[in-house]
Amino acid sequence: MSHTKLIPNDTQRTSGKEVRSYNIHAAQLIKSLIESCYGPLGNEKIYIDIIGESTCTKDGATFLRKIDVQHPAAKVLIDATNTVDNEVGDGTLTTAIIATTLLEKAQEMLAMDIYPSTIVNGYDKGLQCSLETLRNIARKVSSKDMAIIEKLARTCLGTKVRLSSDPQSELNNILEITVNAINTVYSNNNYLLEADDIKIEEKIGNLGESILIDGVLIDKSIDSDLMPRFVKNARILLLDEDLQTRTTKTESQLSINSPEHMYLFRKEENNITRDKIQIIIDSGINVVINRKGIDLVAQDLLAKFGIISVKRVKENDLHWLEKATGGNLIKELDVGNIQSNVGYAKNVYEKKIGTDKMIFVEGCNNPKTVSILIRANSKMMLDEYHRAIQSTITSLSRFVQHPSIVIGGGSCEALMAQQVRKRANTIEGMEQIVLLKFSEALEEIPLILAKNSGLNLMDAFIQLRLNLSQNFNTNKVKWFGLDSDERKISQLDWDIIEPTIVKEQVLNTAVEVSRLLINIDDIIIKKPLMNTHTHEDGTEHSHAGGDKKHDHYFDRLGKQQRPQHHYY
Ligand SMILES: Nc1ncnc2c1ncn2[C@@H]1O[C@H](COP(=O)(O)OP(=O)(O)OP(=O)(O)O)[C@@H](O)[C@H]1O
Ligand SMILES: [Mg+2]
């Protein structure tokens with residue numbers, strides 16, 4: 001029996017040079033798809049899925065997640081961009097461009113008969129040299145310097161939202177709101193910032209009407225028309241307990257023989273709820289926000305005492321309310337535990353936003369969480385702004401842990417490339433070529449930025465190398481990259497800045513993924529059995545084993561708290 005018979009018919013095997021060639025082709029396809037999105041002057045992409053829902057984005061990770069590629073190498077690359085997205089929130093396109101260019105360069109070297117392990121070793125040396133350079137050229141700053149935080153937010157947000165040089169422009173409203181939101185939570189949280197400290201809600205409308213709320217915005221309405229629409233000096237009860245007549249969960253029989261017994265039975269049932277409501281009234285609460293249900297009897301009683309209630313609020317919203325109002329979620333209502341867990345807000349009110357009603361819990365004292373309400377005239381734009389703000393917050397949350405910055409516009413990559421080229425000249429053997437190719441891959445960043453802003457690629461390349469030569473024989477580093485206002489390669493100042501931690505993550509991930517793909521010399525693919533199915537919360541997707549009962553970790557997180565790639 002031939003050894004190939006050992007592999008079943010529904011399994012496909014590809015080996016050796018062919019595998020590398022396929023992997024590199026997959027990488028080239030990805031690069032060609034994304035490079036025109038790159039940078040502040042990049043283009044948008046529209047993706048329309050199988051049910052006709054369209055996504056318009058410039059966000060690398062989002063676009064790559066959407067295109068459902070089958071090739072394993074492309075999947076590895078997409079996973080790498082997801083990792084960068086989840087870890088540092090920004091730099092996904094940079095990762096994909098560097099990784100795919102490293103693979104392209106590997107193809108050229110394989111054609112020169114340079115062995116894969118030599119390429120991998122050379123790439124490792126290139127990475128080490130780049131990281132060393134990065135540490136040498138980066139500037140340590142104070143994590144509390146709000147001017148730096150504003151500039152970092154402007155660079156990150158500015159690649160997705162076209163910010164204007166006119167400070168009055170509506171577009172700058174989003175930047176201002178994001179920076180203010182970060183400042184508020186950051187200082188109230190004792191100079192700590194978490195990506196989910198800021199709640200983002202979206203509603204169709206005018207961009208200029210986007211607002212920051214120093215509290216929490218809930219996409220719900222007040223339970224009853226009899227309740228007030230506005231409560232000042234709110235004492236808020238955050239509850240996780242039914243305020244409704246309970247039905248027995250086990251099967252049971254009850255024989256009631258007379259109307260009087262029926263009356264007494266109903267009365268006793270209602271009394272349990274009434275007692276709980278009495279506790280609420282006695283403790284001076286005027287807003288009840290409940291994860292569970294509140295029935296009509298309870299709503300009427302609350303309304304009678306001028307108390308607002310909101311039932312069936314999402315668990316995540318309640319966590320945000322806890323952080324904003326200083327209250328704690330109560331699982332069992334009790335006279336003893338109510339006062340110490342009450343939350344406060346200046347105003348709680350319902351307001352019509354667009355066509356829907358929303359609840360504002362506003363004017364919280366030193367809120368540890370705030371909300372941003374984004375308005376834009378289409379769902380596609382809302383989603384894009386949402387992603388851009390989320391990315392900015394995530395990347396800033398990483399910056400405050402490692403407060404160090406570099407200049408953007410491709411100047412940082414150009415300086416690293418220059419150092420790697422210098423190092424190459426000191427190395428003997430084939431690795432010298434590998435290091436030179438590595439430096440070319442880094443230089444691709446300023447060059448693609450230049451290309452996307454309409455510069456001639458050759459001119460940009462010559463200008464960049466010419467300018468960088470000024471850095472020879474001097475200790476004072478000059479940064480050269482794309483000046484997007486002037487649309488030319490020139491010396492840059494500390495205005496377009498980025499967190500060093502993002503650059504480190506990008507380099508490590510890009511080299512790791514290219515190393516992995518160069519090392520693969522066998523792919524065995526079993527014909528997949530895909531099953532499209534819908535989860536309880538409405539997520540529809542397909543994967544092998546989808547016909548059997550299964551659980552994804554994101555099911556437990558709730559839709560709002562999911563990592564971005566499941567949320568969008
Ligand atoms: N105003 C600017 N002028 C010049 N270059 C800029 C400017 N703003 C940002 N950049 C550069 O644009 C690049 C980032 O572009 P972009 O945000 O599209 O990609 P990314 O951050 O890698 O991916 P993503 O944001 O989709 O995760 C960085 O190299 C950054 O230095
Ligand atoms: Mg970016």
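**Stop 1: a three-stranded sheet**

Start by selecting strands S4, S14 and S17: they form an open sheet in exactly that order, S4-S14-S17, and the pairing is antiparallel. Now look at the two edges, where you will find S4 (139-140) and S17 (497-499). Each of these edge strands has a single partner strand, so one side of each is left without a neighbour in the sheet. Before you go on, keep in mind that you are looking at a predicted model.

Next, zoom in on S14 (residues 404-407) and S17, which run antiparallel and are joined by three bridges. Which residue of S17 stands opposite Ile405? Select Pro499 and you have found that partner of Ile405.

Now add helices to the view. Helix H16 (residues 500-519) packs on this sheet and touches S14 and S17. Compare directions, and you will see that H16 makes an angle of about 65° with S17. Then show helix H6 (residues 146-158), which lies across S14 and S17 and runs at about 95° to S17.

**Stop 2: the ligand**

Select ligand 1 and display the residues around it. There are 21 of them, and Asp90, Thr92, Thr94, Gly409 and Glu498 come nearest. What kinds of residues make up this shell, by class? Colour them and you should find seven nonpolar, 10 polar and four charged residues. If you would like to know which element supplies the largest share, click on helix H4 (residues 92-111), which contributes three residues.

Now try labelling some distances to oxygen atoms of the ligand:

- From Glu498, a polar side-chain atom lies 2.7 Å from an oxygen atom of ligand 1.
- At Gly409, look at the backbone instead: one of its polar atoms is 2.7 Å from a ligand oxygen.
- At Thr159, go back to the side chain, where an N or O atom is 2.9 Å from an oxygen atom of ligand 1.

How much of ligand 1 does the protein bury? Taken alone, the ligand exposes 630 Å², and 96% of that is buried by the protein.

**Stop 3: a second three-stranded sheet**

Move on to strands S5, S13 and S6. They also make an open sheet, in the order S5-S13-S6, and here the pairing is mixed. At the edges are S5 (198-204) and S6 (211-213), each of which pairs on one side only. Leaving direction aside, neighbouring strands in this sheet are turned by 20° against each other on average.

To see one of the pairings in detail, select S6 and S13 (residues 370-376): three bridges join them, and they run antiparallel. Within this pair, Ile213 faces Ser371 in S13.

Two helices are worth showing here. Helix H7 (residues 170-188) lies across S5, S6 and S13, running at about 170° to S13. Helix H12 (residues 379-401) lies across S5 and S13, at about 165° to S5.

**Stop 4: a hairpin and its neighbour**

For the last stop, select S11 (residues 343-353) and S12 (residues 356-362), an antiparallel pair with seven bridges. Tyr349 is found opposite Phe360 in S12. Where the hairpin turns, two residues sit between the strands, and Gly354 takes a positive phi near 65°.

Finally, add S8 (residues 230-239). Six bridges join S8 to S11, again with the strands antiparallel. Click on Lys232, and then on Asn347 in S11, which stands opposite.

Notes
Residues numbered from 1 in each chain as written. Chains lettered and ligands numbered in written order. Predicted model: local features only at pLDDT ≥ 70, side-chain atom pairs only at ≥ 80, totals over all residues. Heavy atoms only, no water. Near = heavy atom within 4 Å. Polar contact = N/O pair within 3.5 Å; in protein donor to acceptor, adjacent residues only side chain to side chain. Areas by Shrake-Rupley, 256 points an atom, 1.4 Å probe, with all protein chains shown as cover. Helix = DSSP H or I, 4+ residues; strand = E, 2+ residues; numbered from the N terminus. Nonpolar A, V, L, I, M, F, W, Y, C, P; charged D, E, K, R; others polar. Pairing = 2+ DSSP bridges. Contact = heavy atoms within 4.5 Å. Axes fitted to C-alpha atoms, helices over the stretch in contact; angles between N-to-C directions.
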